[in-house]
Amino acid sequence: MKTSFKVLLGMGPPASEVGERDMTICSDSRFVLTTVSQPNHLFFCVYQKLDKDLFWPRQPRYTAEEMEALAESVADHPVSDTIVFGELWKKRHRATLINLEEGVLQHWHHDRIALVGDSVHKMLPNIGLGGNMALESVVVLCNHLHAMLVSQQGKKPDLETLDETLAAYQEERMPRVLQITAFSTQVAEGQAWVTPLHKFSTKWLLPLLKDRALADMIADLMHGAPKLAYVGSSGFGKGTVQWDDEKEEKEIDVTGKTSLQWAIRIAALVGMVAVGTTQFHRARSLLGVR
Ligand SMILES: Cc1cc2nc3c(=O)[nH]c(=O)nc-3n(C[C@H](O)[C@H](O)[C@H](O)COP(=O)(O)OP(=O)(O)OC[C@H]3O[C@@H](n4cnc5c(N)ncnc54)[C@H](O)[C@@H]3O)c2cc1C
(Lines give C-alpha, C1' and ligand atoms only; values in the text may rest on other atoms or scores of the structure.)
Protein backbone atom coordinates (compact mmCIF):
# COMPACT_ATOMS: atom_id res chain seq x y z
CA MET A 1 0.00 0.00 0.00
CA LYS A 2 1.18 3.50 -0.87
CA THR A 3 0.43 6.81 0.85
CA SER A 4 0.73 9.95 -1.26
CA PHE A 5 -1.98 12.13 0.32
CA LYS A 6 -2.94 13.16 3.82
CA VAL A 7 -6.36 14.53 4.68
CA LEU A 8 -7.67 16.89 7.32
CA LEU A 9 -11.20 15.63 7.97
CA GLY A 10 -13.77 17.43 10.02
CA MET A 11 -17.39 18.28 10.68
CA GLY A 12 -19.28 21.19 12.10
CA PRO A 13 -22.57 23.08 12.00
CA PRO A 14 -24.20 23.86 8.62
CA ALA A 15 -23.01 26.96 6.75
CA SER A 16 -25.47 28.51 4.30
CA GLU A 17 -22.53 29.76 2.16
CA VAL A 18 -21.82 26.19 0.97
CA GLY A 19 -25.45 25.14 0.53
CA GLU A 20 -27.72 22.67 2.26
CA ARG A 21 -27.21 19.53 0.20
CA ASP A 22 -24.23 20.45 -1.92
CA MET A 23 -20.64 19.61 -2.60
CA THR A 24 -17.91 22.19 -3.19
CA ILE A 25 -14.41 21.54 -4.53
CA CYS A 26 -11.76 24.29 -4.40
CA SER A 27 -8.41 23.31 -5.89
CA ASP A 28 -5.00 24.82 -5.35
CA SER A 29 -1.43 23.77 -5.89
CA ARG A 30 -1.00 20.28 -4.30
CA PHE A 31 -4.10 20.55 -2.14
CA VAL A 32 -7.86 20.65 -2.50
CA LEU A 33 -10.62 21.70 -0.12
CA THR A 34 -13.96 19.91 -0.37
CA THR A 35 -17.18 20.31 1.58
CA VAL A 36 -20.31 18.19 1.67
CA SER A 37 -23.32 19.84 3.26
CA GLN A 38 -26.45 18.45 4.84
CA PRO A 39 -29.25 20.43 6.52
CA ASN A 40 -27.83 19.76 10.02
CA HIS A 41 -24.12 19.14 9.41
CA LEU A 42 -21.21 20.21 7.29
CA PHE A 43 -18.32 17.86 6.49
CA PHE A 44 -15.00 19.14 5.17
CA CYS A 45 -11.81 17.57 3.80
CA VAL A 46 -8.47 19.18 3.03
CA TYR A 47 -6.50 16.73 0.88
CA GLN A 48 -2.81 17.53 0.66
CA LYS A 49 -0.28 15.78 -1.56
CA LEU A 50 2.75 14.60 0.42
CA ASP A 51 6.21 15.71 -0.70
CA LYS A 52 7.23 12.05 -0.94
CA ASP A 53 5.23 8.83 -1.26
CA LEU A 54 5.33 6.53 1.79
CA PHE A 55 5.13 2.74 1.50
CA TRP A 56 3.73 0.25 4.01
CA PRO A 57 4.61 -0.24 6.85
CA ARG A 58 5.73 3.41 7.08
CA GLN A 59 2.66 5.19 8.37
CA PRO A 60 3.42 8.19 10.58
CA ARG A 61 0.67 9.64 12.78
CA TYR A 62 0.11 13.36 13.13
CA THR A 63 -0.04 15.43 16.30
CA ALA A 64 -2.74 17.98 17.20
CA GLU A 65 -0.15 20.72 16.55
CA GLU A 66 0.49 19.41 13.01
CA MET A 67 -3.27 19.38 12.38
CA GLU A 68 -3.59 22.98 13.59
CA ALA A 69 -0.64 24.03 11.41
CA LEU A 70 -2.24 22.55 8.27
CA ALA A 71 -5.59 24.19 9.08
CA GLU A 72 -3.81 27.51 9.66
CA SER A 73 -1.96 27.25 6.34
CA VAL A 74 -5.25 27.02 4.39
CA ALA A 75 -7.37 29.25 6.66
CA ASP A 76 -7.59 32.08 4.09
CA HIS A 77 -8.45 29.73 1.26
CA PRO A 78 -12.02 30.10 -0.08
CA VAL A 79 -14.41 27.15 0.06
CA SER A 80 -17.09 29.12 -1.81
CA ASP A 81 -17.48 32.62 -3.23
CA THR A 82 -18.36 34.00 0.20
CA ILE A 83 -16.58 31.99 2.90
CA VAL A 84 -13.00 30.92 3.66
CA PHE A 85 -11.91 27.67 5.30
CA GLY A 86 -10.82 29.38 8.55
CA GLU A 87 -14.43 30.25 9.34
CA LEU A 88 -15.52 26.60 9.06
CA TRP A 89 -12.48 25.53 11.08
CA LYS A 90 -13.28 27.87 13.99
CA LYS A 91 -16.79 26.39 14.31
CA ARG A 92 -15.79 22.74 13.90
CA HIS A 93 -17.21 20.07 16.22
CA ARG A 94 -14.39 17.63 15.59
CA ALA A 95 -11.49 17.03 13.22
CA THR A 96 -8.57 14.70 12.62
CA LEU A 97 -5.51 14.57 10.35
CA ILE A 98 -4.69 11.17 8.82
CA ASN A 99 -2.73 9.61 5.98
CA LEU A 100 -4.65 8.01 3.11
CA GLU A 101 -3.42 4.66 1.86
CA GLU A 102 -4.11 3.44 -1.66
CA GLY A 103 -3.22 0.27 -3.50
CA VAL A 104 -4.29 -3.19 -4.59
CA LEU A 105 -2.61 -6.21 -3.05
CA GLN A 106 -1.55 -9.21 -5.12
CA HIS A 107 -2.73 -11.97 -2.77
CA TRP A 108 -6.31 -11.86 -1.48
CA HIS A 109 -6.73 -15.35 -0.06
CA HIS A 110 -4.89 -18.13 1.72
CA ASP A 111 -6.18 -21.49 2.84
CA ARG A 112 -9.75 -20.90 4.10
CA ILE A 113 -9.30 -17.15 4.47
CA ALA A 114 -10.45 -14.61 1.85
CA LEU A 115 -10.09 -10.85 2.22
CA VAL A 116 -12.46 -8.17 0.89
CA GLY A 117 -12.59 -4.38 1.03
CA ASP A 118 -9.89 -1.99 2.19
CA SER A 119 -7.77 -4.86 3.48
CA VAL A 120 -6.88 -5.69 -0.16
CA HIS A 121 -8.06 -2.77 -2.31
CA LYS A 122 -7.92 0.70 -0.90
CA MET A 123 -8.48 3.92 -2.82
CA LEU A 124 -8.54 7.67 -2.27
CA PRO A 125 -12.00 8.81 -1.12
CA ASN A 126 -12.43 11.73 -3.55
CA ILE A 127 -15.03 9.88 -5.65
CA GLY A 128 -16.50 8.00 -2.67
CA LEU A 129 -16.27 4.50 -4.14
CA GLY A 130 -14.11 2.59 -1.60
CA GLY A 131 -17.09 1.30 0.36
CA ASN A 132 -18.89 0.44 -2.88
CA MET A 133 -15.89 -1.59 -4.00
CA ALA A 134 -15.87 -3.46 -0.67
CA LEU A 135 -19.55 -4.39 -1.17
CA GLU A 136 -18.94 -5.42 -4.78
CA SER A 137 -16.13 -7.73 -3.66
CA VAL A 138 -18.45 -9.34 -1.10
CA VAL A 139 -21.00 -9.92 -3.89
CA VAL A 140 -18.47 -11.57 -6.19
CA LEU A 141 -17.06 -13.70 -3.36
CA CYS A 142 -20.59 -14.84 -2.44
CA ASN A 143 -21.37 -15.67 -6.08
CA HIS A 144 -18.29 -17.88 -6.37
CA LEU A 145 -18.89 -19.57 -2.99
CA HIS A 146 -22.55 -20.19 -3.88
CA ALA A 147 -21.72 -21.67 -7.30
CA MET A 148 -19.07 -23.91 -5.74
CA LEU A 149 -21.43 -25.15 -3.01
CA VAL A 150 -24.14 -25.91 -5.57
CA SER A 151 -21.66 -27.90 -7.67
CA GLN A 152 -20.50 -29.79 -4.56
CA GLN A 153 -24.10 -31.06 -4.06
CA GLY A 154 -23.82 -30.98 -0.28
CA LYS A 155 -20.30 -32.44 -0.16
CA LYS A 156 -17.79 -30.54 1.98
CA PRO A 157 -15.28 -28.79 -0.35
CA ASP A 158 -11.62 -29.79 -0.02
CA LEU A 159 -8.87 -27.17 0.21
CA GLU A 160 -8.04 -27.43 -3.51
CA THR A 161 -11.64 -26.65 -4.50
CA LEU A 162 -11.74 -23.80 -2.03
CA ASP A 163 -8.46 -22.42 -3.36
CA GLU A 164 -9.77 -22.51 -6.96
CA THR A 165 -12.97 -20.75 -5.86
CA LEU A 166 -11.14 -17.98 -4.02
CA ALA A 167 -8.66 -17.57 -6.90
CA ALA A 168 -11.60 -17.17 -9.31
CA TYR A 169 -13.06 -14.50 -7.00
CA GLN A 170 -9.80 -12.52 -7.02
CA GLU A 171 -9.35 -12.93 -10.77
CA GLU A 172 -12.84 -11.61 -11.51
CA ARG A 173 -12.45 -8.61 -9.22
CA MET A 174 -8.88 -7.54 -10.07
CA PRO A 175 -9.46 -5.65 -13.38
CA ARG A 176 -12.41 -3.64 -12.06
CA VAL A 177 -10.70 -2.80 -8.80
CA LEU A 178 -7.53 -1.67 -10.64
CA GLN A 179 -9.61 0.44 -13.04
CA ILE A 180 -11.60 2.20 -10.34
CA THR A 181 -8.63 2.66 -8.00
CA ALA A 182 -6.67 4.28 -10.84
CA PHE A 183 -9.65 6.52 -11.73
CA SER A 184 -9.95 7.60 -8.11
CA THR A 185 -6.26 8.53 -8.03
CA GLN A 186 -6.57 10.45 -11.31
CA VAL A 187 -9.50 12.48 -9.96
CA ALA A 188 -7.67 13.17 -6.67
CA GLU A 189 -4.49 14.27 -8.48
CA GLY A 190 -6.48 16.42 -10.90
CA GLN A 191 -8.39 18.11 -8.08
CA ALA A 192 -5.20 18.78 -6.10
CA TRP A 193 -3.29 20.16 -9.10
CA VAL A 194 -0.43 17.77 -8.49
CA THR A 195 1.32 18.98 -11.69
CA PRO A 196 0.85 22.05 -13.93
CA LEU A 197 -0.89 19.77 -16.45
CA HIS A 198 -3.41 18.73 -13.79
CA LYS A 199 -4.01 22.42 -13.07
CA PHE A 200 -4.46 23.21 -16.76
CA SER A 201 -6.87 20.36 -17.39
CA THR A 202 -8.91 20.87 -14.21
CA LYS A 203 -9.08 24.64 -14.60
CA TRP A 204 -9.50 24.94 -18.37
CA LEU A 205 -10.51 21.60 -19.92
CA LEU A 206 -12.98 20.24 -17.38
CA PRO A 207 -15.20 23.37 -17.44
CA LEU A 208 -15.72 22.67 -21.17
CA LEU A 209 -17.58 19.51 -20.22
CA LYS A 210 -21.14 19.68 -18.98
CA ASP A 211 -21.66 20.16 -15.22
CA ARG A 212 -22.60 16.55 -14.65
CA ALA A 213 -19.64 15.11 -16.60
CA LEU A 214 -17.96 13.61 -13.52
CA ALA A 215 -21.27 12.18 -12.32
CA ASP A 216 -21.76 10.63 -15.78
CA MET A 217 -18.28 9.10 -15.73
CA ILE A 218 -18.96 7.58 -12.31
CA ALA A 219 -22.37 6.32 -13.48
CA ASP A 220 -20.63 4.72 -16.48
CA LEU A 221 -18.37 2.89 -14.05
CA MET A 222 -21.17 1.91 -11.70
CA HIS A 223 -23.46 0.23 -14.22
CA GLY A 224 -20.81 -2.46 -14.62
CA ALA A 225 -21.21 -3.43 -10.95
CA PRO A 226 -21.77 -7.13 -10.16
CA LYS A 227 -25.02 -8.47 -8.71
CA LEU A 228 -25.78 -11.39 -6.46
CA ALA A 229 -26.33 -14.06 -9.12
CA TYR A 230 -28.46 -16.32 -6.93
CA VAL A 231 -30.92 -13.66 -5.72
CA GLY A 232 -33.76 -12.70 -8.07
CA SER A 233 -33.88 -9.00 -8.93
CA SER A 234 -36.89 -9.00 -11.23
CA GLY A 235 -39.73 -6.66 -10.39
CA PHE A 236 -37.56 -3.63 -9.65
CA GLY A 237 -38.30 -0.54 -11.74
CA LYS A 238 -35.72 0.47 -14.36
CA GLY A 239 -33.78 3.69 -13.84
CA THR A 240 -32.28 5.98 -16.48
CA VAL A 241 -28.92 4.21 -16.07
CA GLN A 242 -29.16 0.54 -17.07
CA TRP A 243 -27.02 -2.21 -15.53
CA ASP A 244 -24.66 -3.67 -18.13
CA ASP A 245 -26.28 -7.09 -17.97
CA GLU A 246 -29.75 -5.60 -18.52
CA LYS A 247 -28.81 -3.58 -21.58
CA GLU A 248 -30.51 -4.56 -24.78
CA GLU A 249 -28.61 -4.28 -28.06
CA LYS A 250 -30.67 -1.26 -29.20
CA GLU A 251 -29.81 0.67 -26.02
CA ILE A 252 -26.11 0.71 -26.85
CA ASP A 253 -25.84 4.11 -28.51
CA VAL A 254 -23.14 4.21 -31.15
CA THR A 255 -24.11 7.50 -32.75
CA GLY A 256 -21.59 10.16 -33.63
CA LYS A 257 -22.88 12.30 -30.75
CA THR A 258 -21.89 9.69 -28.19
CA SER A 259 -18.51 9.21 -29.81
CA LEU A 260 -17.88 12.95 -29.63
CA GLN A 261 -18.90 13.05 -25.97
CA TRP A 262 -16.54 10.20 -25.24
CA ALA A 263 -13.72 11.85 -27.18
CA ILE A 264 -14.11 14.99 -25.05
CA ARG A 265 -14.26 12.96 -21.85
CA ILE A 266 -11.19 10.98 -22.77
CA ALA A 267 -9.31 14.15 -23.73
CA ALA A 268 -10.16 15.65 -20.34
CA LEU A 269 -9.17 12.51 -18.49
CA VAL A 270 -5.94 12.16 -20.40
CA GLY A 271 -5.21 15.75 -19.47
CA MET A 272 -5.70 14.89 -15.82
CA VAL A 273 -2.96 12.30 -15.86
CA ALA A 274 0.50 13.60 -14.98
CA VAL A 275 3.06 14.08 -17.74
CA GLY A 276 5.09 10.98 -18.25
CA THR A 277 2.91 8.79 -16.04
CA THR A 278 1.60 5.74 -17.85
CA GLN A 279 -1.06 3.26 -16.82
CA PHE A 280 1.63 0.62 -16.70
CA HIS A 281 3.56 2.48 -14.04
CA ARG A 282 0.33 3.27 -12.20
CA ALA A 283 -0.67 -0.40 -12.04
CA ARG A 284 2.84 -1.39 -10.91
CA SER A 285 2.78 1.24 -8.21
CA LEU A 286 -0.74 0.25 -7.05
CA LEU A 287 0.41 -3.33 -6.80
CA GLY A 288 3.35 -2.15 -4.71
CA VAL A 289 5.90 -3.27 -7.36
CA ARG A 290 8.79 -0.82 -7.30
C1 LIG B 1 -12.74 10.35 4.42
C2 LIG B 1 -13.29 9.14 3.76
C3 LIG B 1 -14.50 9.24 3.06
C4 LIG B 1 -15.04 8.12 2.42
N5 LIG B 1 -16.21 8.26 1.72
C6 LIG B 1 -16.73 7.20 1.10
C7 LIG B 1 -17.96 7.31 0.39
O8 LIG B 1 -18.57 8.36 0.33
N9 LIG B 1 -18.42 6.20 -0.25
C10 LIG B 1 -17.77 5.00 -0.21
O11 LIG B 1 -18.24 4.02 -0.80
N12 LIG B 1 -16.60 4.87 0.45
C13 LIG B 1 -16.07 5.92 1.12
N14 LIG B 1 -14.91 5.80 1.81
C15 LIG B 1 -14.22 4.49 1.82
C16 LIG B 1 -14.88 3.54 2.83
O17 LIG B 1 -14.96 4.16 4.10
C18 LIG B 1 -14.03 2.27 2.92
O19 LIG B 1 -13.69 1.81 1.64
C20 LIG B 1 -14.81 1.19 3.64
O21 LIG B 1 -15.11 1.61 4.96
C22 LIG B 1 -14.02 -0.11 3.68
O23 LIG B 1 -14.76 -1.05 4.41
P24 LIG B 1 -14.02 -2.27 5.07
O25 LIG B 1 -15.08 -3.04 5.76
O26 LIG B 1 -13.21 -3.00 4.03
O27 LIG B 1 -12.97 -1.68 6.09
P28 LIG B 1 -13.25 -0.79 7.37
O29 LIG B 1 -14.48 0.05 7.22
O30 LIG B 1 -11.95 -0.10 7.65
O31 LIG B 1 -13.57 -1.85 8.51
C32 LIG B 1 -12.55 -2.60 9.10
C33 LIG B 1 -12.95 -2.80 10.56
O34 LIG B 1 -12.04 -3.73 11.16
C35 LIG B 1 -11.68 -3.25 12.44
N36 LIG B 1 -10.38 -3.84 12.79
C37 LIG B 1 -9.16 -3.50 12.31
N38 LIG B 1 -8.21 -4.27 12.89
C39 LIG B 1 -8.84 -5.12 13.72
C40 LIG B 1 -8.41 -6.16 14.57
N41 LIG B 1 -7.14 -6.49 14.67
N42 LIG B 1 -9.36 -6.83 15.28
C43 LIG B 1 -10.68 -6.51 15.17
N44 LIG B 1 -11.16 -5.52 14.37
C45 LIG B 1 -10.23 -4.85 13.65
C46 LIG B 1 -11.64 -1.74 12.27
O47 LIG B 1 -11.78 -1.09 13.51
C48 LIG B 1 -12.86 -1.51 11.37
O49 LIG B 1 -14.04 -1.34 12.11
C50 LIG B 1 -14.35 6.89 2.48
C51 LIG B 1 -13.15 6.78 3.18
C52 LIG B 1 -12.62 7.90 3.82
C53 LIG B 1 -11.33 7.76 4.59
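Over how many bridges do strand 1 and strand 5 pair, and in which sense? To answer this in the predicted model, select residues 2-12, which form strand 1, together with residues 94-104, which form strand 5. The two strands pair over nine bridges, in the antiparallel sense. One point to inspect here is Phe5, whose bridge partner in strand 5 is Leu100.

Keep strand 5 displayed and add helix 1, residues 64-73. This helix packs on the sheet, where it touches strand 1, strand 5 and strand 4 (42-55). The direction of helix 1 makes about 90° with that of strand 5.

Next, display the whole sheet. It is open and consists of six strands in the order 2-3-4-1-5-8, with antiparallel pairing. Strand 2 (23-28) and strand 8 (121-122) stand at the edges; each has a single partner strand, so one side of each is left without a neighbour in the sheet.

Turn then to the largest nonpolar core, which contains 39 residues. Select Val46, Tyr47 and Ala192, the residues that touch the most other members. At least two residues of this core come from each of strand 1, strand 3 (31-37), strand 4, helix 2 (85-90), strand 5, helix 3 and helix 4 (159-191). Helix 4 gives the most, with six residues.

Finally, centre the view on the ligand. Select Leu9, Gly117, Asp118, Ser119, Pro125, Gly128, Leu129, Gly130, Gly131, Asn132 and Ala134, the residues around the ligand. Four residues of this shell are nonpolar, six are polar and one is charged. Helix 3 (residues 130-152) makes the greatest contribution to the shell, with four residues.

Terms used:
Residues are numbered from 1 along each chain as its sequence is written. This is a predicted model: local features need pLDDT of at least 70, side-chain atom pairs count only at pLDDT 80 or more; totals for chains, interfaces and linings use all residues. A residue is near a molecule or strand if its C-beta atom, placed from the backbone, lies within 6 Å of it. Ala, Val, Leu, Ile, Met, Phe, Trp, Tyr, Cys and Pro count as nonpolar, Asp, Glu, Lys and Arg as charged, and the others, Gly among them, as polar. Two strands pair if DSSP finds at least two bridges between them. Two residues are in contact if their C-beta atoms, placed from the backbone, lie within 7 Å. Axes are lines fitted to C-alpha atoms, for helices over the stretch in contact, and angles run from 0 to 180 degrees between N-to-C directions. A nonpolar core is a set of buried Ala, Val, Leu, Ile, Met, Phe, Trp, Tyr and Cys residues joined through C-beta atoms within 7 Å. A residue is buried if 20 or more other C-beta atoms lie within 10 Å of its own, exposed if 12 or fewer, and partly exposed in between; C-beta atoms are placed from the backbone.
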